[in-house]
Amino acid sequence: MLTDRFNKLRKTELDKVFGKLEIINIWRSIVKNQLRKLDIQDLYDFYDFNYNIDERALAIRTEILNGNYQVIKPIIYRLEKKLGICRHIVIPQPQDALVLQVLTEQLNSEIIGKMPSENSFYSQDKHNMKYPHDLDTEYGVNWQKQWKKLQKLIYQFSESKELLVVTDLSNYFDSIDISVLRNQISNIVDDKEVLLDLLFKIIENISWNPDYLKYTGRGLPTSNLEGIRLLAHSFLFEFDAILKEKTNNSFTRWMDDVVIGVNSRQEAIEMLSSSSDVLKSRGLALNLAKTDIYDSEKAEFHFQIDQNKYLDSIDYNIKPRTSKYNLKTSELKREFKKHLKETKAKYSEKITKRYVTAFGKFKSEKLLSEVALLYNERPGIRGNLLIYLSELGYKKKTSDTVINIIKNLNVYDDISLFQVCKLVTDWDIPDNESSLEFLRTFEIEIKSISQRRKNPFDFYCLIWFKSKYEHPDSLLRFIKDYENIWKSEPFLRRQVTASLSRAYMINPSKVTTILKQQISTGIPQIVSLSSQLLSFSSFENLPSRIHLYLFPTHKQKRYPLSKFLVLCSLLNSEKIRTNEIIKSKVKEYIVDDYQKKWIEAQYNIR
């Protein structure tokens, strides 16, 4: 029951913030792309939400202004840090991610305006600003002479120092006291009580809270959404203010990584002692294992200055298959193998990533022999290794490497298998006997892992893979055979529902029955998608906004699988698939061999 306090006071503030047009704009300009960049992606690109954004925005506004807004259960997955130890990462449902971003937009300017120092940073989704860890730096020939210049250039210190103190915070997100965070935000923003109530309601409801345990009020959910990062950033403003005063602004902070400039070891120790006490008062602690004091010689080692200089000097314009190209890539391989032995350097992994990127720029196969082992042993560089394999594209050697990865992969988290699976579905693989053997082997391996672990995210990999490479008849049988698995998880149920867009033409009545069954579940994200698939199958023409989504002016390098499924769901309409203009566009935009194969088999578009 709502009180007059809500109707007369709080509702007015919410009404100003949650305007329909504002919600739509934030979805289109920020949140839609946020969700596309996450580790776990939606097989339908959340296009049902996007297509109906006008109605969704109005529904969100109405629920909030009526005091009925409820958070939907998020997706929570594990991401390996090292040695099987995983972070729990949260992905809110689209409506909650959208509400979170609307609130962030309202609070952002006031929070950022109260930042004690311009030397502290966090990642912002809508800005293309450079941060200290991204800056290109000319290290010069003589490192000793560049030492003080480096401090000003990279860390933006107000004055150069003799030593650097490097440290970070232990289990930062997990250690944040939510009630203290709420109080700090309340002190920063003015007259925003109802917005903070809604914001922290979302925080509480998307937090990992296993086994029916009581919500502890400690720990900010780890998420790659900007609103969460902003809150984590602001929790250290008090710490920033103290560091700024004590160091004359000769420090920098990137979220929970801190570098402080000092002139003596005694000053460094005093600074660490003081920082530790300040942080402990907020329930935080320095990570002693990652705390050190660098002089110029030690910094040269830990920052891998020689390796950076070498990588900066590489000319990537050398023509392939020339003697100069072979010499340079062989040299790169030798330097890389030497670098891999320097595991004690604090920033060694950053350099490893740069080396992998270098091999990718050269499109050199000389890293392939190392990829499977690196992928298994170094979770932090898996993304870079997959980008490298993506750059090389599908061929015998890269497909053998992928099989080697899968066969030797010790899976401890929920995404390492999916990332490989997504690489395989991103590749343009020719439809021939050789590639068919690779796809069969790959499917056997991921199916074996799925059956052994019985993890929903492993089954998700199978659905993603089969949505591109399975004949629609076989796909439909697979869905029917394993319904006891996918019906147990709303996330899996949605992904399977999305894949039905490819099976519709093989048996419209059967697929329609399954879709109606999904609607009867009453699960919002399932009802939305099932209704959309049925609606698209009866469309008589293609609205301009869908046309622009399916056939953008600037063609993408590859046609994404999720967009392909949206296309299929529209081609399920007879009037759309027989439209000559649309058929012409399909033939122009669909160039992947398997996508072309299904377009021809399912819709007779040759």
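How many residues apart are Lys309 and Asp306 in helix α14, and what does that make of their separation in helical turns? The first legend takes this up, and the views that follow visit other parts of this predicted model.

**View 1. A salt bridge within helix α14 joins Lys309 to Asp306.** Lys309 and Asp306 are three residues apart in α14 (residues 305-312), so about one helical turn separates them. An α-helix has 3.6 residues a turn, so residues three or four places apart point the same way. Between Lys309 and Asp306, the closest N and O atoms are 3.8 Å apart; the cut-off for a salt bridge is 4 Å, so this pair counts as one. Lys309 is partly exposed, because its relative accessibility is 25%.

**View 2. Arg182 and Asp197 link helices α8 and α9.** Welcome to one of the 43 salt bridges found in a search of the whole structure. Here the closest N and O atoms of Arg182 and Asp197 are 2.9 Å apart. Arg182 belongs to α8 (residues 178-188) and Asp197 to α9 (residues 193-206), so the pair ties together parts that lie 15 residues apart in sequence. With a relative accessibility of 27%, Asp197 counts as partly exposed. Salt bridges with shared partners also join Arg10, Arg182, Glu193 and Asp197 into one network.

**View 3. A salt bridge between Asp240 and Arg253 connects a helix to a strand.** Asp240 sits in helix α11 and Arg253 in strand β5, so you are looking at a link between distant parts of the chain, 13 residues apart. The closest N and O atoms of the two side chains are 2.7 Å apart. Are these two partners buried or exposed? Asp240 is buried, at 0% relative accessibility, and Arg253 is buried too, with a relative accessible area of 0%.

**View 4. Five strands make up an open, mixed sheet.** Reading across the sheet, the order is β3-β5-β6-β4-β7. At the edges are β3 (120-121) and β7 (292-294), each of which pairs on one side only. Strand β3 runs parallel to β5 (residues 251-254), and two bridges join them. Phe121 has Trp254 as its bridge partner in β5. Helix α11 (residues 237-247) packs on this sheet and touches β3, β5 and β6 (257-262). The direction of α11 makes about 160° with that of β5.

**View 5. Strands β1 and β2 form an antiparallel hairpin.** Seven bridges join β1 to β2 (residues 85-91). Along the pair, Tyr77 stands opposite Ile89 of β2. Two residues lie between the strands of this hairpin, and Leu83 takes a positive phi near 55°.

**View 6. Helix α18 and its covering neighbours.** The buried residues of α18 (residues 382-392) are Arg382, Asn384, Leu385, Leu386, Tyr388, Leu389 and Leu392. Among the elements that cover these residues are β1 (75-82), α16 (348-362), α17 (368-377), α19 (396-408) and α20 (416-426). Just after α18 comes Gly393, with a positive phi near 80°.

**View 7. Helices α19 and α20 pack against each other.** Two packed helices are described by the angle between their axes and the distance between the axes. For α19 and α20, the angle is about 160° and the axes are 11 Å apart. That makes α19 roughly antiparallel to α20, and the crossing is left-handed. The contact is made by Val402, Ile405 and Ile406 from α19, together with Leu417, Val420, Leu423 and Val424 from α20.

**View 8. Glu370 in helix α17 has two lysines as contacts.** Glu370 has a relative accessible area of 15%, so it is buried. Leaving aside residues up to four places away in sequence, Glu370 touches Lys333 and Lys337.

**View 9. Arg282 lies in the loop between α12 and β7.** The loop follows α12 (265-280). A relative accessible area of 28% makes Arg282 partly exposed. Which residues does Arg282 touch, not counting residues up to four places away in sequence? They are Val180, Gln184, Phe235 and Glu238. As for Asn25, 257 residues from Arg282 along the chain, the two C-alpha atoms are separated by 37 Å.

Definitions and conventions:
Residues numbered from 1 in each chain as written. Predicted model: local features only at pLDDT ≥ 70, side-chain atom pairs only at ≥ 80, totals over all residues. Heavy atoms only, no water. Pairing = 2+ DSSP bridges. Helix = DSSP H or I, 4+ residues; strand = E, 2+ residues; numbered from the N terminus. Contact = heavy atoms within 4.5 Å. Axes fitted to C-alpha atoms, helices over the stretch in contact; angles between N-to-C directions. Buried < 20%, exposed > 50% of the residue type's maximum accessible area, 1.4 Å probe, protein only. Parallel < 35°, antiparallel > 145°, perpendicular 65-115°, else oblique. Left-handed = near helix turned anticlockwise from the far one by under 90°.
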